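Here's a quick look at how two chains meet. Have the structure open while you read.

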Amino acid sequence: MAASLGTPKLSSPTFQNLCKKCKFPIKPFSSFSHYNKPNHFGSFNSFSHPPTRSYCRRFTTRADSTNVAEPPRKYDFDLFTIGAGSGGVRASRFAANFGASVAVCELPFATVSSDSTGGVGGTCVLRGCVPKKLLVYASKYSHEFEESCGFGWNYAAEPEHDWSTLIANKNAEIQRLAGIYKNTLKNAGVALIEGRGKIVDPHTVDVDGKIYSAKNILISVGGRPFIPDIPGSEYAIDSDAALDLPSKPRKIAIVGGGYIAVEFAGIFNGLKSDVHVFIRQKKVLRGFDEEIRDFVGEQMLLRGIEFHTEESPQAIIKSSDGSLSLKTNKGTIDGFSHIMFATGRKPNTKNLGLETVGVKLTENGAIEVDEYSQTSVPSIWAVGDVTDRINLTPVALMEGGALAKTLFANKPTKPEYSAVPSAVFSQPPIAQVGLTEEQAIKEYGDVDVHTANFRPLKATLSGLPDRIFMKLIVCAKTNKVIGLHMCGEDSPEIIQGFAVAVKAGLTKADFDATVGIHPTAAEELVTMRTPTRKVRRTPSEGKTDSEIKSTAGV
Amino acid sequence: MARKMLIDGEKGNPNGEETHYDFDLFVIGAGSGGVRASRFSAQYGAKVGICELPFHPVSSEVIGGVGGTCVIRGCVPKKILVYGASFGPELQDARSFGWELNERLDFDWKKLLHKKTEEILRLNGIYKRLLANSGVKLFEGEGKVVGPNEVEVTQLDGTKIGYSAKHILIATGSRAQRLPIPGQELAITSDEALSLEELPKRAVVLGAGYIAVEFASIWRGMGATVDLFYRKELPLRGFDDEMRAVVARNLEGRGINLHPNTNLTELVRTEDGIKVRTDHGEELMADVVLFATGRAPNTKRLNLEAVGVELDKIGAVKVDEYSQTNVPSIWAIGDATNRMNLTPVALMEGGYFAKTVFGGEPTKPDHTNVPSAVFCIPPLSVVGLSEEQATEQANGDVLVFTSTFNPMKNTISGRQEKTFMKLVVDSETDKVLGASMCGPDAPEIMQGIAIALKCGATKAQFDSTVGIHPSAAEEFVTLRSVTRRIAAGKPKTNL
């Protein structure tokens with residue numbers, strides 16, 4: 001991953017060294033094991049070494065059912081997992097609960113990830129969902145201070161924010177969580193090995209020179225932020241670094257329009273930094289429902305975020321005073337203390353030995369898997385961001401859980417990707433489940449769209465321009481709710497229950513039959529009586545016919 | 001349909017000699033249910049009149065206001081005060097997130113009160129406009145039923161006007177009751193509590209229902225010392241016992257002094273405030289004593305007995321499943337019928353009344369799986385059966401799934417308060433019979449869950465739903481292991 005070499009600039013010297021260090025011992029070591037450790041059957045072709053009966057374990061019968069052709073053999077582990085993030089930990093624990101012997105390897109802990117640093121808990125716990133949400137909580141307070149004034153609360157002085165308190169508390173919490181993750185692994189009987197795992201052959205993993213054989217190997221190494229290679233990109237930070245800055249940005253440029261960009265824009269804006277967002281398109285959040293994109297953009301603007309639309313970064317220039325300038329296709333803006341790139345993430349598939357064993361990758365470096373998360377090498381599996389399916393923690397959990405079932409519970413299970421809800425913790429936040437209006441029209445043609453755009457009770461008192469937008473998309477033919485979108489306070493909490501309803505294939509009539517909880521924002525979703533619009537395919541021939549007839553009849 | 005409905009245009013007058021009435025429908029009471037029924041009836045083409053008492057935040061026999069309890073002295077102003085009160089502890093928590101605030105935060109009750117009144121006046125205006133826009137004629141004054149098709153409105157100046165109507169709908173709601181103890185006149189009800197001139201420093205709340213715990217939370221959040229007295233071991237009778245215990249623990253954790261198994265016996269005015277005596281012989285001083293000891297239907301002055309409309313023991317109008325009283329032309333909805341006293345239920349009853357009588361589609365309101373919320377701090381929200389009810393009603397064993405967790409926000413703030421969630425599942429059908437939660441955002445979270453329950457969703461369907469991470473709500477779809485299994489017909493011992 002050439003482009004990401006510039007990413008962890010805070011630790012780049014160590015990073016380079018470690019990279020070099022781990023590259024050299026691996027090859028000789030693995031070849032050594034390959035030829036000189038006959039007890040590691042995994043290093044050899046499975047068919048050439050029929051095992052003795054004594055090597056048959058409880059699990060082999062189970063494993064056999066998934067791969068009848070392979071005779072039982074002795075491995076160090078039934079499952080060796082590379083990467084102890086959400087998906088890896090879930091798969092390992094569940095596999096162990098099903099009776100498998102499991103090991104998982106993970107890089108040493110660091111807040112910023114690299115080829116040589118990671119930590120148990122993975123992106124979600126250490127540099128994703130969790131720290132992000134903690135910072136969202138912190139930054140949201142400035143809005144709450146404003147709101148509270150409308151409810152009679154007074155401040156002698158404008159509340160000031162101390163960045164270092166927040167970051168110290170955040171780091172203490174993620175360390176605690178990493179500890180919990182380690183304990184859950186331990187309690188489940190999973191062996192945790194610290195180091196960089198690399199695949200040597202279909203049944204062998206090398207961790208910093210130590211060789212382990214396994215009946216199955218799971219790759220769950222996740223993804224990492226990607227910064228495009230433009231002049232001065234070494235001055236840019238990514239989301240890893242942004243979650244652990246030594247001081248709060250005074251003025252920050254955020255390049256990108258995805259969920260990470262809008263989340264960090266909200267965080268720094270709430271903490272009173274001057275925030276500029278640069279997006280290539282006209283709107284943020286490509287792929288989301290168009291109306292949601294418009295709405296969240298407006299709300300963020302009202303909270304003080306400055307958007308630079310249709311601007312692509314071309315270079316970063318560092319001035320003599322240390323401040324940064326961002327040159328785009330439209331001009332140059334000066335005076336940034338930080339420039340953050342939220343320009344996508346890439347799967348961590350470099351230096352894993354994948355090419356050597358013949359695991360197929362997609363164009364953007366993700367591991368290709370089938371519906372059961374199996375790669376092109378039958379004994380190697382992959383879950384989570386490294387497969388670039390739906391890059392969400394709960395999806396990785398689902399994939400990890402399903403895989404454990406498939407491999408060790410004799411229950412081949414496909415993860416199910418329909419109606420997966422998700423949230424963007426922008427301010428205000430977004431949550432959604434099912435199809436966007438655009439997707440729904442494409443797929444179903446005739447849809448009824450119900451929308452609500454209202455000022456919540458809290459805003460009428462606070463006097464702030466906060467609003468809530470909701471959209472319900474109904475298939476006209478079946479009356480099923482096929483999409484649900486919301487932007488506004490509490491959206492992520494609200495949508496979860498609705499996701500159960502959408503997943504269960506419930507209809508608009510079912511929504512209507514449900515009594516509201518008053519007074520809440522959520523009750524609006526069960527009290528949408530008239531469609532805002534009915535989208536219909538161009539009139540069918542039959543209909544056109546009848547129109548012609550009636551016209552003729554006049 | 002088993003019984004003959006009184007459907008518009010279907011009335012027993014086969015020769016088309018329809019009696020002429022001033023109105024197709026006359027509604028007494030313009031609260032949630034009455035306004036909904038009027039508007040919907042008008043939309044079905046009915047000619048509708050509605051009467052309501054003049055506006056005032058505190059209700060009585062002769063004052064009320066368009067919007068009713070919910071808008072003027074219930075849900076809305078209550079929620080506004082809950083918002084106001086929630087900022088107190090919320091702002092304390094901000095410090096751990098790095099915010100530097102003054103040691104003492106200043107709260108201006110008068111400002112909030114003023115803004116609350118502004119807001120309910122605005123909503124009162126919106127309700128009036130809603131009625132006008134749907135062509136409903138609004139009369140200000142006190143309505144009485146004087147015959148099966150006759151109402152009389154006493155206007156503000158005392159003059160009385162009679163109107164005839166094909167159908168009469170009673171939607172007069174209910175009012176807070178006081179406990180008959182010596183000095184009871186010194187106490188206030190929730191009406192006054194929403195409009196106090198001064199914020200009490202010492203508040204005593206009597207009652208165990210949702211109103212009691214909500215006001216206890218409001219005053220505590222605003223900084224008052226609060227003592228909550230109730231007769232039972234736990235507050236919120238009728239809710240899931242475990243949830244009741246959680247609420248009690250949280251109230252206590254937030255600094256409210258709980259006095260279970262205790263009644264008030266006397267209130268005495270003193271120079272230092274109101275002296276409160278309990279049946280345990282305790283005495284304490286209070287600036288405000290709130291009686292949250294139940295509400296009674298507003299049926300006394302409606303002259304219902306005279307026209308033969310049956311009332312129940314507590315004075316609620318008796319109705320059938322279609323909200324029809326024993327006098328076929330008279331109907332009743334909302335709190336006046338004391339079925340399930342919630343605004344959205346009154347809306348449902350009002351809407352279905354209109355559909356039944358004027359929409360040509362007889363529709364029974366369905367009172368099962370109605371979700372509800374208690375806006376104590378943190379709030380409680382439930383839908384479906386409690387564990388106790390489920391144990392009684394389910395055929396097979398009942399599976400109880402619970403989750404107690406520290407909300408993510410508390411990991412930084414250090415607030416010692418756990419969120420608690422529960423799903424009650426029928427082991428035979430896998431149907432989720434009940435869901436409950438106590439913790440931040442519970443009411444918002446429960447709404448979607450309610451749809452699932454309403455439609456008989458199974459635990460497997462919950463499990464197949466992917467979580468939204470990180471949220472509290474995701475716990476509802478990730479409850480994997482059974483906390484306990486209760487054998488059929490063996491109710492759990494009371495907490």
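What follows is a short tour of the interface between chain A and chain B.

First, the ground rules: this is a predicted model, where local features need pLDDT of at least 70, side-chain atom pairs count only at pLDDT 80 or more, and totals for chains, interfaces and linings use all residues. Residues are numbered from 1 along each chain as its sequence is written, chains are lettered from A in the order in which they are written, and side-chain values use heavy atoms, leaving out hydrogens and water.

Here are the interface totals.

| Item | Value |
|---|---|
| Residues of chain B in contact with chain A (heavy atoms within 4.5 Å) | 77 residues |
| Residues of chain A in contact with chain B | 80 residues |
| Buried area (accessible area, 1.4 Å probe, lost on being put together, summed over both) | about 6800 Å² |
| Share of that area on carbon and sulfur atoms | 68% |

B:Trp99, B:Glu444 and B:Ile468 supply 12% of the area that chain B buries against chain A, more than any other three residues. The rule finds zero salt bridges across this interface (a side-chain nitrogen of Lys or Arg within 4 Å of a carboxyl oxygen of Asp or Glu).

B:Trp99 also pairs with A:Phe145: the two rings sit edge-to-face, 5.1 Å centre to centre with 85° between the planes (ring centres within 6.5 Å make a pair; planes under 30 degrees apart are stacked, over 60 edge-to-face, the rest tilted). Because A:Phe145 lies in helix α5 (residues 129-150) of chain A and B:Trp99 in strand β3 (residues 99-100) of chain B, this pair joins two chains (helices are DSSP runs of H or I with at least four residues, strands E runs with at least two).

Key. Buried area is the accessible area (1.4 Å probe) that two parts lose on being put together, summed over both. Rings of Phe, Tyr and Trp (its six-membered ring) pair if their centres lie within 6.5 Å; planes under 30 degrees apart count as stacked, over 60 as edge-to-face and the rest as tilted.
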